[in-house]
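Visitor: Please take a close look at the charged side chains that pair up in this model. I would like one connected account, with the surroundings included.

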Amino acid sequence: MNSITFIQERNGQPVTTSRKVAEVFGKEHKNVLKDIETLDCSNDFSRLNFELSNYKVRGKLYPEYNMTKDGFTFLVMGYRGKKASKFKETYIQQFNEMEDFIKSLQQAKLEFPAFTDAIMNAHEKPMFYHYVNEINMINKIVLGVTASKFKELNGIDKKVNSIRPYLSVEQILKIEELQRIDIGLIIAKLSCEQRKEILTNHYSMSLLRVTA
């Protein structure tokens, strides 16, 4: 994931804003607003892919648009140049990553809702990487690798949302056990390194008890 995040989740859908497009593509925001408002697209397409909103600066409200991946793609088709092309690729990559995250998060909520709720509630502005980092930490403790690496090593399609069907019962139980413990650690506001150390020690001790 690029360290600069252009995409956010809104109502279960990845979106970006006209202000962010202006910032990234080096344009004045008023010109991006004009580009959106003069797009040669149908009213239905505009309604589905561009949402007029506003932001506040020093107590004053200013207009901006939230836009979907399709809206963004339609808007920036006319932006030319090598720099613009690079940012188009980065934007589309991040849209795809956010879509994958939303799918995996929805799956995770079905599998273990209390864990995902704890992660999201621990942050004033929850971002997709908060969940990814947490579940990657637990997967690496139990499986030795992240979910994406597990898919690669086991020939599983990257589009598969959950690796759960490919895990043993013991692996699933260990992951769920660490998730339950992690909920308390997150609520207690322990740092990532502290949580990792506690979870790793607990997992190691549980293996010793089994082999004893």
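Guide: Lys-20 and Glu-23 form a salt bridge through their side chains, with an N to O distance of 3.3 Å. The model is predicted, so side-chain atom pairs such as this one count only at pLDDT 80 or more. Both residues belong to helix H1 (residues 18-25), and because they are 3 residues apart there, about one helical turn separates them. An α-helix has 3.6 residues a turn, so residues three or four places apart point the same way. Lys-20 has a relative accessibility of 22% and therefore counts as partly exposed. Glu-23, at 56%, counts as exposed.

A salt bridge with the same spacing in sequence occurs in helix H8 (residues 147-153), where Lys-149 and Glu-152 lie 3 residues apart, about one turn of the helix. The closest N and O atoms of Lys-149 and Glu-152 are 3.4 Å apart. Lys-149 is partly exposed at 34% relative accessibility, while Glu-152 is exposed at 55%.

The salt bridge between Glu-176 and Arg-164 has an N to O distance of 2.4 Å. Glu-176 sits in helix H9 (residues 169-187) and Arg-164 in the loop between H8 and H9, so this pair ties together parts that are 12 residues apart in sequence. Glu-176 counts as buried because its relative accessibility is 14%, under the 20% cut-off. Arg-164 is partly exposed, with a relative accessible area of 28%.

H9 deserves a description of its own. The helix has 19 residues, and the distance from its first C-alpha to its last is 27 Å, close to the expected 27 Å. Its buried residues include the charged Lys-174, Glu-176 and Asp-182, along with Ile-172, Ile-175, Leu-178 and Ile-183. Just after H9, Lys-189 adopts a positive phi of about 65 degrees.

Two of those buried residues lead to further contacts. Asp-182 is part of a network of salt bridges that also links Glu-134 and Arg-195. Lys-174 makes a polar contact of 3.1 Å with Ser-206, side chain to side chain. Ser-206 is located in helix H10 (residues 192-211) and is buried, at 3% relative accessibility. A polar atom of the Ser-206 side chain also lies 2.6 Å from the backbone oxygen of Tyr-203.

Over the whole structure, the search finds 9 salt bridges. Side chains of opposite charge can pair when their charged atoms come close.

Confidence varies along the chain. The mean pLDDT is 84, and 92% of the residues score at least 70. Among the elements, helix H2 (residues 29-37) has the highest mean, 95, and helix H5 (residues 82-111) the lowest, 72. Where pLDDT is low, the predicted coordinates should not be read in detail.

One buried polar residue outside these pairs is Asn-66, in strand E4 (residues 60-67). Its relative accessible area is 7%. Leaving out residues up to four places away in sequence, Asn-66 touches Arg-10, Thr-16, Thr-17, Asn-49, Phe-50, Glu-51 and Ser-53.

How values were computed. Residues are numbered from 1 along each chain as its sequence is written. Side-chain values use heavy atoms; hydrogens and water are left out. Helices (H or I, at least four residues) and strands (E, at least two) are DSSP runs, numbered from the N terminus. Buried means under 20% relative accessible area, exposed over 50%, partly exposed in between (1.4 Å probe, protein chains only). A polar contact is a pair of N or O atoms within 3.5 Å; within protein, one must be able to donate a hydrogen and the other to accept it, and residues adjacent in sequence count only if both atoms are side-chain atoms. A salt bridge is a side-chain nitrogen of Lys or Arg within 4 Å of a carboxyl oxygen of Asp or Glu. pLDDT is the predictor's confidence in each residue, from 0 to 100. Contact means heavy atoms within 4.5 Å. The expected span of a helix is 1.5 Å times one less than its number of residues.
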